[in-house]
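Hi,

Here is the structure I promised to send over. Have a look at it first, and my notes on pockets, cavities and the ligand follow below.

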Amino acid sequence: MPRIARRSIAIAAASLLAIVSLGAQAQAPIVIKFSHVVAPDTPKGKGALRFKELAEQRTGGRVKVEVYPNSQLYKDKEELEALQLGSVQMLAPSLSKFGPLGVKEYEVFDLPFIFKDTEAFRAVTEGKVGADLFKKLESKGITGLAYWDNGATHMTANKPLKNVADFKGLKMRIQSSKVLDAQMRSLGSIPQVMAFSELYQALQTGVVDGTESTPSNIYTQKVFEVQKHMTLSGHGHLAYAVVVNKKFWDGLPAELRSQLEGAMKDATTYANAIAATENATALDKIKASGKTAIYTPTAAELNEMKKATSVVHKEMEARVGKQMIADTYKAAGYSLSK
Ligand code: LMR
């Protein structure tokens with residue numbers, strides 16, 4: 001073949017390749033990496049998968065959601081940093097984990113016994129307090145999309161926890177919240193902040209003696225295998241803020257963003273609807289394992305615990321904000337004297 005013909009064929013082939021790869025680029029989906037620290041089989045884990053399904057469906061595949069559960073990609077503290085850096089686009093950290101980011105007001109949700117039930121909790125997240133807290137994330141480069149519930153938290157240890165005196169001297173794993181720290185101290189325990197991914201091993205090796213969490217987390221992280229006792233104290237409430245990298249979110253084509261908002265709205269309804277039954281089922285499974293004795297405290301025992309931990313509400317005013325606490329009390333229908 002003459003040289004000139006060979007050259008034209010080579011040029012044509014190169015242009016074809018360029019066109020094909022440009023086309024592929026134009027069609028490459030936008031990827032949302034959604035990282036979280038719990039098991040897939042939990043209210044949050046299932047909520048994330050539902051969002052993936054709806055988001056991919058409604059955007060006709062223009063958006064691909066990759067869900068990374070179980071701290072596979074990042075642990076607690078790292079995941080918020082990764083979100084700010086844009087290494088992941090979406091997270092759902094528990095509300096107790098926003099303090100280290102500089103938004104201490106989120107710790108209002110950790111005040112002991114503040115929510116009498118899920119309705120009281122939702123009245124706060126779905127009202128002005130929930131919206132105000134999301135606004136506070138904007139300056140951190142984060143946009144809040146939704147609140148997802150888990151449920152009431154309970155205490156576990158290797159000894160029965162009935163009276164306040166039983167907590168004395170116990171090393172209790174907590175999330176990175178100063179309010180949770182104060183709560184454990186008010187019971188005479190020694191709080192230890194630790195990543196969720198390290199909890200099982202820390203309990204197994206005796207680095208900590210006990211912890212607090214929901215049945216769903218206690219079951220799926222196998223905490224029940226290394227804790228002989230669980231007291232249904234219901235003193236706290238575990239829930240999440242689904243958050244995205246603001247720059248990424250604002251940069252999305254408006255049509256896609258609104259499809260994703262719709263997907264998030266429906267995934268939120270789903271996640272919140274399954275939370276209570278997921279926890280009830282997990283509690284049944286813990287019972288059935290025979291490894292953890294489950295204790296329901298008497299009214300007097302609960303009152304003793306409430307009284308001991310009530311000091312935390314005043315103590316944390318300076319950190320969380322007096323007004324924030326007052327607004328939360330009002331929305332939740334709580335009064336400290338009750
Ligand atoms: C914890 O660290 O105990 C929880 O925040 C884990 C979770 O995300 O439910």
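Which element gives the largest share of the lining of the second largest cavity? That would be α11, with four residues. Helices (H or I, at least four residues) and strands (E, at least two) are DSSP runs here, numbered from the N terminus.

Before the rest, some small print. This is a predicted model, where local features need pLDDT of at least 70 and side-chain atom pairs count only at pLDDT 80 or more, while totals for chains, interfaces and linings use all residues. Residues are numbered from 1 along each chain as its sequence is written, and side-chain values use heavy atoms, with hydrogens and water left out.

Now the terms. On a 1 Å grid over the protein atoms alone, a cavity is a set of points where a 1.4 Å probe fits but cannot get out, and a pocket is an open set with protein on both sides within 12 Å along at least five of seven lines; lining residues have an atom within 4 Å of a point. Points are joined across faces, edges and corners, and a volume is the space filled by probe spheres set on them.

**Cavities**

Two cavities of 30 Å³ or more turn up when the whole structure is searched. The second largest, where α11 features, has about 60 Å³ of space. Its lining is made up of L161, K162, N163, V164, F167, T231, P297, E301, L302, E304 and M305. By class that is six nonpolar, two polar and three charged residues (Ala, Val, Leu, Ile, Met, Phe, Trp, Tyr, Cys and Pro count as nonpolar, Asp, Glu, Lys and Arg as charged, and the others, Gly among them, as polar).

The largest cavity has a volume of about 190 Å³, and 21 residues line it. S94, T153, Q175, S213 and L238 are the ones nearest its centre. Strand β8 supplies the largest share of this lining, four residues, and β7 (210–213) also supplies at least two. The lining divides into eight nonpolar, eight polar and five charged residues.

**The ligand**

Where does the ligand sit? It is in the largest cavity, going by the rule that more than half of its atoms must lie within 2 Å of the grid points. Around the ligand, with a heavy atom within 4 Å, are V37, V38, K44, S94, K97, R173, Q175, F196, N217, L238 and Y240. That shell has five nonpolar, three polar and three charged residues.

Three side chains put a polar atom within reach of a ligand oxygen, using the polar contact limit of 3.5 Å between N or O atoms. For Q175 the distance is 2.6 Å, for N217 it is 2.9 Å, and for S94 it is 3.4 Å. The protein covers 99% of the 270 Å² of accessible area that the ligand has on its own (Shrake-Rupley method, 1.4 Å probe).

**Pockets**

The largest pocket has a volume of about 660 Å³. It is lined by 37 residues, with F113, F115, K116, D117 and G234 nearest its centre. Two or more lining residues come from each of α4 (118–125), β4 (142–157), β8 (229–245), α10 (254–289) and α11 (299–309). Of these, α10 gives the most, six residues. The class split is 14 nonpolar, 16 polar and seven charged.

The second largest pocket holds about 270 Å³. Fifteen residues line this pocket, and D76, K77, E78, P100 and S176 lie nearest its centre. Helix α3 (residues 76–85) provides the largest share, five residues. Here the lining has six nonpolar, two polar and seven charged residues.

Cheers

Methods:
A polar contact is a pair of N or O atoms within 3.5 Å; within protein, one must be able to donate a hydrogen and the other to accept it, and residues adjacent in sequence count only if both atoms are side-chain atoms.
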